[in-house]
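Me: I should like to study this protein model step by step. Please answer my questions with short reasoning.

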Amino acid sequence: MAADGEKKAFALPDNSKLELTIPPGWKDELKANQAAKGNKGPATSTVALTPREGAPFQVSVTPVARQKPGASVDTAIKMRHSVQQGADKVKPSATEQYLPVEPLTGAPGPGYYFSATDREPKPGEFKYLTQGMLLVGDVVVGFSILTNDAQEKVRDQALAMLKSASHVAR
């Protein structure tokens, strides 16, 4: 586990690393994902972040794909489209009538996200979702932030962590 505010490197399938500065009071765990059906690439891992103590929240950071250098304009269009599809998927259960896809300003590369409020969260589920994608170096990273009331600081810390993420080639 990372110490409070410690920069931590997570290995990617191609032997490069995604570096995240874990906010104080958070713990991290690497969870393996199964390779998608028909995807011949290696299975990826998700960095799952939760509080060491206090009210529950979940932040997931998943490296999705490695891009060829210089492909960022095409990649940005694809990421924005993918984030819009995610917003469209959760819209029927959201209180908001419109879920705008926002640019993730201040990030090292292009990034987009949306936020939604669950109209009827079941017991044990989270009320708020912020989800998106950003380009960190040559790596497309997907993320989701799940919180409840009075946890705006968690969302802000998660977005700040993502904005300061870096990709270290092997």
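Reply: Certainly. The model is a predicted one. A suitable starting point is K8, which is partly exposed, with a relative accessible area of 21%.

Me: With which residue does K8 form a salt bridge, and how far apart are the closest N and O atoms?

Reply: A salt bridge requires a side-chain nitrogen of Lys or Arg within 4 Å of a carboxyl oxygen of Asp or Glu. The lysine here is K8 and its partner is D28. The closest N and O atoms of the two lie at a separation of 2.8 Å.

Me: Which strands hold K8 and D28?

Reply: This salt bridge links distant parts of the chain, for its two residues are 20 residues apart. K8 belongs to strand β1 (residues 7-11). D28 belongs to strand β3 (residues 26-32).

Me: Is D28 buried or exposed?

Reply: A residue is called buried when its relative accessible area is under 20%. The value for D28 is 10%, so D28 is classed as buried.

Me: How many salt bridges does the structure hold?

Reply: The pair of K8 and D28 is a salt bridge, and another is formed by the side chains of K78 and D74, at 3.3 Å from N to O. The total for the structure is five.

Me: What separates K78 from D74 along helix α1?

Reply: Both residues lie in helix α1, which covers residues 72-90. K78 is exposed at 54% relative accessibility, whereas D74 is partly exposed at 44%. Because they are four residues apart in the helix, the separation is about one helical turn.

Me: Where do D149 and K127 lie, and how many residues apart are they?

Reply: The side chains of D149 and K127 meet in a salt bridge of 3.5 Å, N to O. D149 is in the loop between β9 and α2 (152-163), while K127 is in the loop between β7 and β8. The pair thus links distant parts of the chain, and the two are 22 residues apart.

Me: What is the relative accessibility of D149, and what is that of K127?

Reply: Partly exposed residues fall between the limits of 20% and 50%. D149 is partly exposed at 49%. K127 is also partly exposed, and its value is 28%.

Me: Why is strand β8 described as largely enclosed by the rest of the structure?

Reply: Strand β8 covers residues 128-136, nine residues in total. The description holds because the number of these that are buried is seven.

Me: Which strands pair with β8, and over how many bridges?

Reply: Strand β7 (residues 111-117) pairs with β8 in the antiparallel sense over seven bridges. Strand β9 (residues 139-147) pairs with β8, again in the antiparallel sense, and the bridges number nine.

Me: Which residues stand opposite L129 of β8?

Reply: L129 has a partner in each of these pairings. A116 stands opposite L129. In β9, the bridge partner of L129 is L146.

Me: Which residue in the turn between β8 and β9 has a positive phi?

Reply: The two strands form a hairpin with two residues between them. One residue in the turn has a positive phi of about 60 degrees, namely G137.

Me: How many helices and strands does the protein contain?

Reply: From the N terminus on, the order of elements is β-β-β-β-β-α-β-β-β-β-α-β. The secondary structure therefore comprises two helices and ten strands.

Me: What percentage of the residues in the protein is buried?

Reply: The protein has 170 residues. Of these, the buried part comes to 38%.

Key: Residues numbered from 1 in each chain as written. Predicted model: local features only at pLDDT ≥ 70, side-chain atom pairs only at ≥ 80, totals over all residues. Heavy atoms only, no water. Buried < 20%, exposed > 50% of the residue type's maximum accessible area, 1.4 Å probe, protein only. Pairing = 2+ DSSP bridges.
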